[in-house]
Every structure is written in C-alpha cells, then in structure tokens.
Amino acid sequence: MTDPIQIDDCLSTRDGHLYIEECDTVALIQQFGSPLFVVSEDQIRRNVRRFQTAFQQGWPDGPVKVMPAAKANWVSAVQKILADEDCGCDIYSPGELTAALNAGVDPQ
C-alpha cells in the first residue's frame, strides 16, 4: 500500500487510484460505467466562496455577486449548489432562464 498523495482540496491518489473527495474513481467506473463525469460539491462551494472573497476585495465600492454562466454547466445539481451559495446566473436563452429558476436562483 502506497502513501496517499493529496493533489488539491478534493483530489488525491492512493495505490495508483485517483480519488475525488473519498471516492475511488476506479470503483465509480466499475459501478456506473464509462464515461463518467464527477464533480465535487465541496470543491464547487470552496471555489464560489474564494471567488466571492477575491472579487469583493477587489471591488470595495459595493456588494459583489458571483454569476456563473448557465451555459457552462446545465447539470441541475450543480445549478442548485450555485443557487444555494447565493450565486446569480448569467443567462441568454429561455432554457437557461428556466434552468436557473428551477435551481432556485433568485430572479432579482
């Protein structure tokens, strides 16, 4: 057994396997098949909070709201995490508006 190597906040390796948080990606592929797209809810939340803090520090003249583009990720679970983190949403189309509202983004 090799020692774990922490790559970043959510990625590590152990015994030649990549882990996302504490999930072995080889086991995930065996369970769900390939290709498989996996995101870390904790990493999304950490990133949003870091962006919010950095942008707010760079713009002291008023409140800042992070507004990711809906077209960048249509996955409803990701949209709900962003809404839960009080993000706005940059939208262009009626479909993007529907996705944002269904995720709980404040329409204001």
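## Chain architecture and the surroundings of helix H1

Of the contacts in the chain between residues at least 6 apart in sequence, 21% join residues at least 24 apart. The model is a predicted one. Its chain has 4 helices and 4 strands, arranged along the sequence in the pattern β-β-β-β-α-α-α-α. The chain is more spread out than a compact globule, because its radius of gyration of 17 Å is well over the 13 Å that the globule rule gives for 108 residues. Along the principal axes, the C-alpha atoms fill a box of roughly 50 × 35 × 15 Å. Buried residues account for 28% of the 108 residues. The chain exposes about 7600 Å², of which carbon and sulfur atoms supply 58%.

At the start of helix H1, a side-chain oxygen of Asp-24 comes to within 2.9 Å of the backbone nitrogen of Val-26. Just after H1, Gly-33 adopts a positive phi of about 90°.

Two residues of this region are set out below.

| Residue | Location | Relative accessible area |
|---|---|---|
| Leu-28 | helix H1 | 16%, buried |
| Val-38 | loop between helix H1 (25–32) and helix H2 (41–58) | 36%, partly exposed |

Leu-28 counts as buried because its relative accessible area of 16% is under the 20% cut-off. Apart from neighbours within four places in sequence, Leu-28 is in contact with Cys-23, Gly-33, Leu-36 and Val-38. The C-alpha atoms of Leu-28 and Gln-57, which are 29 residues apart along the chain, are separated by 39 Å.

Val-38 also contributes to the surface: together with Ile-29, Phe-32 and Leu-36, Val-38 makes a nonpolar patch of about 320 Å².

Technical notes. Residues numbered from 1 in each chain as written. Predicted model: local features only at pLDDT ≥ 70, side-chain atom pairs only at ≥ 80, totals over all residues. Heavy atoms only, no water. Patch = residues over 30% accessible without salt bridge, like charges linked within 9 Å, V, L, I, M, F, W, Y side chains within 5 Å. Areas by Shrake-Rupley, 256 points an atom, 1.4 Å probe, with all protein chains shown as cover. Salt bridge = Lys/Arg side-chain N within 4 Å of Asp/Glu carboxyl O. Helix = DSSP H or I, 4+ residues; strand = E, 2+ residues; numbered from the N terminus. Buried < 20%, exposed > 50% of the residue type's maximum accessible area, 1.4 Å probe, protein only. Contact = heavy atoms within 4.5 Å. Polar contact = N/O pair within 3.5 Å; in protein donor to acceptor, adjacent residues only side chain to side chain. Rg over C-alpha atoms; globule rule 2.2 N^0.38 Å.
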